[in-house]
Amino acid sequence: MGKRILIVGGGLAGTIVANGLCRQLGQELRDGSVSITVLGTSDTHLYQPGLLYVPFGRIRESELFREQRKVLDRRVPYLIDPATNIDLEAKEVTTESGKTLGYDYLVIATGSRIMPQNVPGMAEGAHWFYDLEGARRMRDALDAFEGGKIVVNVNAPHKCPVAPLEITFMLYDYLTAKGLMKKTEITYTYPIGRLHALEPVGEWAQGEMDRLGLKYETFFNTKEVDSKAKTISSEEGTTFDYDLLVTIPPHQGAQVIEDSGLGTGGWVPTDREKLLHDGSTDVFVVGDTTNIPISKAGSTAHFEADTVVDNLSSLITEGRWARNYDGKVFCFVETGMDTGTYVWFNYTTPPNPGPPSQMVHWFKLAYNRLYWLSARGLL
Amino acid sequence: MAERKRIDARGAFCPGPLMELIANLKLVDVGDELEVWSSDKGSVKEIPEWVAKVGHEMGETTEHDGYWSVVVRKAK
Ligand SMILES: Cc1cc2nc3c(=O)[nH]c(=O)nc-3n(C[C@H](O)[C@H](O)[C@H](O)COP(=O)(O)OP(=O)(O)OC[C@H]3O[C@@H](n4cnc5c(N)ncnc54)[C@H](O)[C@@H]3O)c2cc1C
């Protein structure tokens, strides 16, 4: 029997790993010495960054989805059968339908998810755009909004560290265009002592918010939301009234990670350079679900996935390790409806964003289209 | 039994040591300790500032070769 590679999770990271392995292991797939299987939860692949545009009616919902079967290399069987237990001792994964799949190499790519239910009152009182249902509800709420107090509330941990700032500046542009900004006060809250985790981005955001007259509160970690009184309070003792509460809820990893005892909160302990599950030699972890102290972002998932592809194919064909992950993260940042900037860094190089420009905004819009090429491994 | 968990946030520019601490505090019990490793000297100021604001307890801060370790006890 050939080497069996099992990938749990067919989101961005899992898909890039599967497609990349197909490119590097073409011969082995043909002669049967390697097989690759992906386990997922749905027949569609959701382009998550596109959710940012949904509340403003700026994207057609059909643009957010592709058939997963078409994004994935046709040589890879894709089973819509979520993993319910991952047993690293027995080297077996059990699925919802009751199948047990053995593996020689496992790739865990189950991502992260929002947990508004972890904060009292949040699910009832807040809007969010981090899933499609939430983004639709937020679109309706914005349609009905006639001015008042908006709180944009950010909680730790969360994926895509730039989306909270993007939504804030986009809200400003959207409400200005609608003539409502004069009757609106926007307050942005952030868990630590500046407006963004990255210092230069935080400084830039503060300058912009001052210029536009947006308010902000640092050191704000949500304790509870009172959906009747329409207030949100922090662990640090601050309370705000709101008419519209937009939140980035705290995140956790997938349920199956907790259920399998692989990591508290669904975060899998992972070697930050090798991207191996701590203590394993045959279990790779990639994308949002790692516990690596690094941005949970599409670009992180992409760079990590490339590293996993190189190492896994090198281990299989030559029995050697290829290269370590250097912690690279790259993010486009929408700084309004028409301008953007970008930032990159790794474990040793600090971030340094370029000045916002319209061109970078167009790059990001282009990237929104290019995502599919990147997932298919063509970029 | 109170436990101590280590968070190696060296070289973590984003989300950074304090955000890692905040996220990890949500996953441990009251009385447990987290030991954050940071290569950013700013953490030595920033972490105690937040801990005082929110009402957890500071343990020892130690300078090592090229990084600092900061211990925080979850108090509520
Ligand atoms: C609103 C928004 C805007 C964003 N904007 C950007 C951006 O501009 N730039 C950027 O870089 N990143 C952005 N991101 C973040 C980016 O989408 C994620 O970081 C990225 O998708 C992570 O890839 P992943 O493969 O780890 O997780 P995902 O892509 O989420 O994939 C995980 C997959 O695992 C599956 N899964 C879960 N449990 C199981 C199970 N038990 N069995 C089988 N499968 C399972 C899930 O269904 C999912 O398909 C954004 C995210 C959001 C929500």
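Start your tour by selecting A:Val225 and A:Ile232, the latter being the bridge partner in strand 15 of chain A. Before moving on, know that this is a predicted model, in which local features need pLDDT of at least 70, side-chain atom pairs count only at pLDDT 80 or more, and totals for chains, interfaces and linings use all residues. Residues are numbered from 1 along each chain as its sequence is written, chains are lettered from A and ligands numbered from 1 in the order in which they are written, and side-chain values use heavy atoms, leaving out hydrogens and water.

**Stop 1: two hairpins around strand 15**

Widen the selection to strand 14 (residues 222-226) of chain A, which pairs with strand 15 of chain A in the antiparallel sense over four bridges. Strands here are DSSP runs of E of at least two residues, helices are runs of H or I of at least four, and both are numbered from the N terminus; two strands pair if DSSP finds at least two bridges between them. Four residues separate these strands in a hairpin, and A:Lys230 in the turn has a positive phi of about 55°.

Now add strand 16 (residues 239-241) of chain A, joined to strand 15 of chain A by three bridges in an antiparallel arrangement. Here A:Thr231 stands opposite A:Asp241. This is also a hairpin with four residues between the strands, and A:Gly237 in the turn has a positive phi of about 100°.

Which residues of strand 15 (residues 231-234) of chain A are buried on each side? A:Thr231 and A:Ser233 are buried on one side, and A:Ile232 and A:Ser234 on the other. Buried means under 20% relative accessible area, exposed over 50%, and partly exposed in between (1.4 Å probe, protein chains only).

**Stop 2: helix 5**

Select residues 132-144 of chain A, which make up helix 5. Its 13 residues should span 18 Å at 1.5 Å a residue, and the end C-alpha atoms are 19 Å apart, which agrees; the expected span is 1.5 Å times one less than the number of residues. Buried residues in this helix include A:Leu132, A:Met138 and A:Leu142. Among the elements covering the buried residues are helix 6 (163-177) and strand 17 (244-248) of chain A, where contact means heavy atoms within 4.5 Å.

**Stop 3: aromatic rings**

Over all chains there are 11 aromatic pairs. Rings of Phe, Tyr and Trp (its six-membered ring) pair if their centres lie within 6.5 Å; planes under 30 degrees apart count as stacked, over 60 as edge-to-face and the rest as tilted.

Pick A:Phe330 and A:Tyr342: their ring centres are 5.6 Å apart and their planes at 15°, so the pair is stacked. A:Phe330 sits in strand 20 (residues 329-334) and A:Tyr342 in strand 21 (residues 340-345) of chain A, 12 residues apart. Add A:Phe332 to see the cluster that ring pairs form with A:Phe330 and A:Tyr342.

Next, choose A:Phe345 and B:Phe13, an edge-to-face pair at 6.4 Å centre to centre with 80° between the planes. A:Phe345 lies in strand 21 of chain A and B:Phe13 in the loop between strand 1 (4-8) and helix 1 (17-25) of chain B, so the pair joins two chains. A:Phe345 is buried at 3% relative accessible area, whereas B:Phe13 is partly exposed at 27%.

**Last stop: a cysteine in chain B**

Finish at B:Cys14, which is buried with a relative accessible area of 2%. Why is there no bond to the closest cysteine sulfur? That sulfur, in A:Cys331, is 7.1 Å away, too far for a bond. A disulfide is a pair of cysteine sulfur atoms within 2.5 Å, and the count over all chains is zero.
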